[in-house]
Amino acid sequence: MRQPLVAGNWKMNGSLESIGVLLDGIKAGMEDVTKAAVAVCAPAIYIPTVQQQLQGSAIAWGGQDVSAESAGAYTGEIATSMLKDFGCTYVIVGHSERRAYHGESDQLVARKFAAARAAGLVPILCVGETLEEREQGITEQVVARQMDAVIELEGVAALADGVVAYEPVWAIGTGKTATPEQAQDVHGFIRGRVAELDGGVAEGLQILYGGSMKPGNAAELIAKPDIDGGLIGGAALSAEDFLGICRAAN
Ligand code: PEP
């Protein structure tokens, strides 16, 4: 039985003040979230604050991106060891916004996955197709290519140390959620593809859905057999909405 996971991705939002209020609100409502794991992925500069507020709570925290390099002359980058220094459990790699706006290739994302894993962080590997790719009928091809980059670099067993988030790009921040059936089709495809290589890894792999998940649609999505929780953008900025999703996953 896979534990459900709900991870918030705050993206480039928040301030010292608003993060304090948000985390107080989430912590106050967590008592009935007993089964699902919960995490928030914060802008790097706020991670020390998040650590201070969440230490000792049931909520884990993480980064939204990380360097594939371990240290050195990489101005502006954050190393996996730095995330570890501030108690991070998770780090998102290959979010579609990084792939689209920062030109991150499948190979670079795979190296980030490897670096995170080597440091003892749990990489949340984002995969997903654009609207154009869905309309061309190549969703599975795109997702397979993104997954394969990691499998080729690290071997399928590496997926046992990570989480996959299926995030159709056309559903991110648009209010257009994939239907539970559309999402399940792709989640089933991902698990099936991993199962062809290693049944045990496939069975244990948490596959999250991301893309305009809200309290109102979370239960139906997470009820699908291969959807193990959510990666939440917009709704993670409201304690009430985020908790609503956590309760649905619970
Ligand atoms: C995301 O950024 O990972 C995401 C799923 O965003 P939203 O929930 O706002 O669509």
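This is a dialogue between a first-year student and a teacher about reading a predicted model.

Reader: Let me begin with strand β1. Which residues belong to β1, and are they buried or exposed?

Author: A residue counts as buried when its relative accessible area is under 20%. In this predicted model, strand β1 covers residues 5-9, and five of the five are buried, so the strand is largely enclosed by the rest of the structure.

Reader: Which way do the residues of β1 point?

Author: Leu-5, Ala-7 and Asn-9 point one way, while Val-6 and Gly-8 point the other way. Residues on both sides are buried.

Reader: Which strands pair with β1, and in what sense?

Author: To call two strands paired, we look for at least two bridges between them. One partner of β1 is strand β2, residues 37-41, joined in the parallel sense over five bridges. You can find this pairing by looking at Gly-8, which stands opposite Val-40 in β2. Another partner is strand β8, residues 229-232, also in the parallel sense, over four bridges. Here Ala-7 has Leu-231 as its bridge partner.

Reader: How does the chain get from β1 to β2?

Author: Follow the backbone through helix α1, residues 16-28: with β1 and β2 this helix makes a right-handed β-α-β unit.

Reader: And β2 itself, is it buried or exposed?

Author: Five of the five residues of β2 are buried, so this strand is largely enclosed by the rest of the structure. Ala-37, Ala-39 and Cys-41 point one way, and Val-38 and Val-40 point the other. On to the next pairing: four bridges join β2 to strand β3, residues 59-63, and the two run parallel. In β3, Ala-60 is the bridge partner of Ala-39. Between these strands the chain passes through helix α2, residues 47-54, in a β-α-β crossover that is right-handed.

Reader: I would like to try another part of the sheet. What can I read from strand β6?

Author: Use the steps you used for β1. In β6, residues 163-166, Val-163 and Ala-165 point one way, Val-164 and Tyr-166 point the other way, and all are buried. Then look for the pairings. Strand β5, residues 122-127, runs parallel to β6, and four bridges join them; Leu-125 has Val-164 as its bridge partner in β6. β6 also pairs with β7 in the parallel sense, over three bridges, with Ala-165 opposite Leu-208 in β7.

Reader: Now the ligand. How many residues surround the ligand, and which are the closest?

Author: When reading a binding site, start with the shell of residues. Here 14 residues surround the ligand, and the closest are Lys-11, Glu-167, Gly-173, Ser-212 and Gly-234. By class, the shell has four nonpolar, eight polar and two charged residues.

Reader: Where are the polar contacts with the oxygen atoms of the ligand?

Author: A polar contact is a pair of N or O atoms within 3.5 Å. Among them is one from Glu-167, where a polar side-chain atom lies 2.7 Å from a ligand oxygen atom. Gly-173 offers a polar backbone atom 2.6 Å from an oxygen atom of the ligand. Ser-212 also uses its backbone, with an N or O atom 2.7 Å from a ligand oxygen atom. Taken on its own, the ligand has 300 Å² of accessible area, and the protein covers 97% of that.

Reader: What can the backbone tell me about Lys-11 and Ser-212?

Author: Look at phi. Lys-11 has a phi near 55°, a positive value in a residue other than glycine. For Ser-212, phi is likewise near 55° and positive. Lys-11 sits in the loop between β1 and α1, and Ser-212 in the loop between β7 and α10. Lys-11 has a relative accessible area of 19%, so this residue is buried. Ser-212, at 10%, counts as buried too.

Reader: Last one: which residues are apart in sequence but have their C-alpha atoms 6.0 Å or 6.5 Å apart?

Author: Find the two positions in the sequence, then compare their C-alpha atoms in space. Ala-119 and Ser-81 are 38 residues apart along the chain, with their C-alpha atoms separated by 6.5 Å. Ala-119 lies in the loop between α5 and β5 and counts as partly exposed at 25% relative accessibility. Gly-229 and Ala-249 are 20 residues apart in sequence and 6.0 Å apart in space, C-alpha to C-alpha. Gly-229 is in strand β8 and, at 0% relative accessibility, counts as buried.

Methods: Residues are numbered from 1 along each chain as its sequence is written. This is a predicted model: local features need pLDDT of at least 70, side-chain atom pairs count only at pLDDT 80 or more; totals for chains, interfaces and linings use all residues. Side-chain values use heavy atoms; hydrogens and water are left out. Buried means under 20% relative accessible area, exposed over 50%, partly exposed in between (1.4 Å probe, protein chains only). A crossover is right-handed if, with the strands pointing away from the viewer, the path from the first strand over the helix to the second runs clockwise. A residue is near a molecule or strand if one of its heavy atoms lies within 4 Å of it. A polar contact is a pair of N or O atoms within 3.5 Å; within protein, one must be able to donate a hydrogen and the other to accept it, and residues adjacent in sequence count only if both atoms are side-chain atoms. Accessible areas come from the Shrake-Rupley method with a 1.4 Å probe; for residues, only the protein chains shown count as cover. Ala, Val, Leu, Ile, Met, Phe, Trp, Tyr, Cys and Pro count as nonpolar, Asp, Glu, Lys and Arg as charged, and the others, Gly among them, as polar.
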